[in-house]
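Hi there,

Thanks for offering to look at this with me. Here is the structure, so please open it up and keep it beside you while you read.

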Amino acid sequence: NNQDVARYVLVFWQKVLMPLATALMIFLAAPLVFQPTRSGGLAQRVFLGVVLGLLFVVVNRSLGYLALIYGVPPLAAALVPLVLFFVLAVVLVRRTA
């Protein structure tokens, strides 16, 4: 019937990759937990963790919508936010270590 199913495929891949995204969020939170207490208070670290989590949601959805508009493959659109935040997590872990 020639219907465009790209948005459904994108949602499928986002849901399939959700366990990986959850593990990534835990990996991203690790540098915030293991920082010395002298480098900032608990409230600052909690706030930074909340901001990073919300930023992930916004980036994930925005890139998904942009991928649908520009015809990017749905799997790539679902993986790009994970890769970006994985790189960010690695940078934060190396900075704390």
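Below are some notes on the empty spaces in the model and on a few residues to look at.

Please keep in mind that this is a predicted model. Rolling a probe the size of a water molecule over the atoms shows where empty space is left.

**The closed space**

How many cavities of 30 Å³ or more are there? The count comes to 1, and the largest cavity holds about 60 Å³ of space. Its lining is made up of Gln-14, Leu-17, Met-18, Ala-21, Phe-56, Asn-60, Ala-78 and Leu-82. Three helices each give two or more residues to that lining: α2 (18–33), α3 (42–70) and α4 (74–96). Sorted by character, the lining residues of this cavity are 6 nonpolar and 2 polar, with no charged ones.

**The open space**

Now turn to the largest pocket, which has a volume of about 300 Å³. It is lined by 15 residues, and those nearest its centre are Gln-14, Val-57, Asn-60, Arg-61 and Tyr-65. Here the elements that give two or more residues to the lining are α1 (6–16), α2 and α3. Which of them gives the largest share of the pocket lining? That is α3, with 7 residues. The pocket lining divides into 9 nonpolar, 4 polar and 2 charged residues.

**Two residues to compare**

Try finding Asn-60 first. You have met this name twice already, since Asn-60 helps line the largest cavity and is also among the residues nearest the centre of the largest pocket. Asn-60 sits in helix α3. Is Asn-60 buried or exposed? Its relative accessible area is 13%, and because the cut-off for buried is under 20%, Asn-60 counts as buried. Leaving aside neighbours within four places in sequence, Asn-60 is in contact with Gln-14 and Pro-81. Gln-14 is another name on both lists: it lines the cavity and lies among the residues nearest the pocket centre.

Then find Ile-26, which has its place in helix α2. Its relative accessible area is 60%, and exposed means over 50%, so Ile-26 is exposed. For a sense of distance, how far apart in space are Ile-26 and Val-58, C-alpha to C-alpha? They are 18 Å apart, with their positions 32 residues apart in sequence.

A good way to start is to colour the cavity lining and the pocket lining separately, then look for the names that turn up in both. Write back whenever you like.

Best wishes

Definitions and conventions:
Residues are numbered from 1 along each chain as its sequence is written. This is a predicted model: local features need pLDDT of at least 70, side-chain atom pairs count only at pLDDT 80 or more; totals for chains, interfaces and linings use all residues. Side-chain values use heavy atoms; hydrogens and water are left out. On a 1 Å grid over the protein atoms alone, a cavity is a set of points where a 1.4 Å probe fits but cannot get out, and a pocket is an open set with protein on both sides within 12 Å along at least five of seven lines; lining residues have an atom within 4 Å of a point. Grid points are joined across faces, edges and corners, and a volume is the space filled by probe spheres set on the points. Helices (H or I, at least four residues) and strands (E, at least two) are DSSP runs, numbered from the N terminus. Ala, Val, Leu, Ile, Met, Phe, Trp, Tyr, Cys and Pro count as nonpolar, Asp, Glu, Lys and Arg as charged, and the others, Gly among them, as polar. Buried means under 20% relative accessible area, exposed over 50%, partly exposed in between (1.4 Å probe, protein chains only). Contact means heavy atoms within 4.5 Å.
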